[in-house]
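Hello,

Here is the structure I promised to pass on. Please open it first, then read the notes below.

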Amino acid sequence: MSEMLIQVKNLVKHFPVEKGIIFYLSSKIFKREEQVVHAVCDVSLDIKKGETLGLVGESGSGKSTLGKCIIRLIDPTSGKIIFDGTDISLLKRNELRKYRRKMQMIFQDPFSSLNPRISVGNMLKRMLELHEICEGKEALNRAKEILEMVGLSREHTNRYPHQFSGGQKQRIAIARAIAVNPDFIVADEPVSSLDVSIQAQILNLLMELKERFNLTYLFISHDLGVIKHISDRVAVMYLGKVVERGSTEDIFSNPSHPYTQALISSLPIPDPEAKRDRIILKGEVPSSLKPPEGCRFHPRCPYMMERCKKIEPKMIEVSKDHYVACHLYYEENEN
Ligand code: SF4
């Protein structure tokens with residue numbers, strides 16, 4: 001499991017937002033001001049073939065935008081995305097077509113991601129035909145097999161999305177993702193809209209399918225418990241930046257970035273005798289329209305130093321394959 005499938009280098013995604021109008025009463029001049037949402041800022045990471053990289057962070061940290069950029073559902077502003085050795089970051093729509101099949105996405109809300117007017121059998125059949133995998137009766141038979149693979153039955157072929165429960169709808173969304181034999185799946189909060197009892201079933205299904213088809217996942221979630229359960233490695237995002245990444249074991253047993261430490265301190269401990277001091281972060285996540293200078297976490301960080309306000313910390317390796325962006329890990333004179 002060492003070959004890289006995905007390499008993301010210095011990825012940036014900015015969204016221009018409606019221009020504000022500033023009215024200067026004294027000079028009677030209208031001035032338009034362009035604003036930009038800094039959704040993803042200079043993110044670099046890689047995902048090995050056959051692994052699950054968990055991407056965790058609060059809502060608004062840029063996780064979903066990063067996931068969509070990686071599979072080119074949205075275009076990055078700059079940076080590189082290398083998929084299985086090919087730079088796909090600048091490919092045009094028609095050139096991307098052959099990669100579309102290899103990269104699929106599972107969304108948080110299974111219902112809104114399914115067409116309510118098409119039976120699930122026909123939906124899968126169309127996917128198979130669109131990607132020229134098979135057609136006609138063969139495609140319909142294949143659709144039935146895929147439904148069985150995700151724990152549904154052949155009899156479900158003629159049903160419509162509204163006739164399924166939430167968990168079954170997510171199984172259909174998974175069926176659609178695996179139908180075209182992808183190599184890589186971005187699963188964006190795939191269980192967060194489901195009941196806890198159903199969540200475990202869907203997570204187990206995703207893990208089974210990963211083993212069976214040697215899939216590679218980017219698994220996005222705000223839920224650390226889910227991330228811990230499913231991921232081989234974890235990347236922690238805060239306000240558009242990855243602030244820490246490492247193996248799941250390193251991240252959970254030795255969280256090094258103060259933000260990761262705060263997130264993990266909020267996890268419940270199964271042993272009622274054990275104690276963990278919960279770190280309560282002050283304030284809210286700042287606006288991504290105007291992220292703080294220096295370390296973006298500095299307004300909320302309990303260890304903030306003067307240099308944190310001005311100098312952005314670089315990502316450094318604190319132990320093997322465990323990277324952190326924080327001045328606490330630099331010697332004073334290194335900055
Ligand atoms: Fe806190 Fe400074 Fe580290 Fe940022 S760089 S996390 S503000 S100690």
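**Salt bridges and the sheet**

Lys80 is partly exposed, at a relative accessible area of 40%. This is a predicted model. Lys80 forms a salt bridge with Asp87, and their closest N and O atoms are 3.4 Å apart. Asp87 is partly exposed too, with a relative accessible area of 26%.

The whole structure holds 15 salt bridges. Another one links Glu129 to Lys125, again with the closest N and O atoms 3.4 Å apart. Both residues sit in helix H3 (residues 120–130), 4 residues apart, or about one turn of the helix. Glu129 is partly exposed at 29% relative accessibility.

Glu306 bridges to Lys309, with the closest N and O atoms 3.1 Å apart. Glu306 counts as exposed at 52% relative accessibility. Lys309 is partly exposed at 32%. Elsewhere, Glu3, Lys49 and Asp84 are joined into one network by salt bridges that share partners.

Now the sheet. It is open, has 8 strands and shows mixed pairing, in the order S6-S7-S8-S3-S9-S10-S12-S11. Strand S6 (103–106) and strand S11 (315–319) are the edges, each pairing on one side only. The twist averages 20 degrees from one strand to the next.

Strands S7 (residues 184–188) and S8 (residues 216–221) pair in the parallel sense over 5 bridges. Val186 stands opposite Leu218 in S8.

Two helices to look at pack on the sheet. Helix H5 (residues 166–178) touches S6 and S7, and its direction makes about 175 degrees with that of S6. Helix H9 (residues 258–265) touches strand S9 (233–238) and strand S10 (241–247), and its direction makes about 105 degrees with that of S9.

Best wishes

Key:
Residues numbered from 1 in each chain as written. Predicted model: local features only at pLDDT ≥ 70, side-chain atom pairs only at ≥ 80, totals over all residues. Heavy atoms only, no water. Pairing = 2+ DSSP bridges. Axes fitted to C-alpha atoms, helices over the stretch in contact; angles between N-to-C directions. Contact = heavy atoms within 4.5 Å. Salt bridge = Lys/Arg side-chain N within 4 Å of Asp/Glu carboxyl O. Buried < 20%, exposed > 50% of the residue type's maximum accessible area, 1.4 Å probe, protein only.
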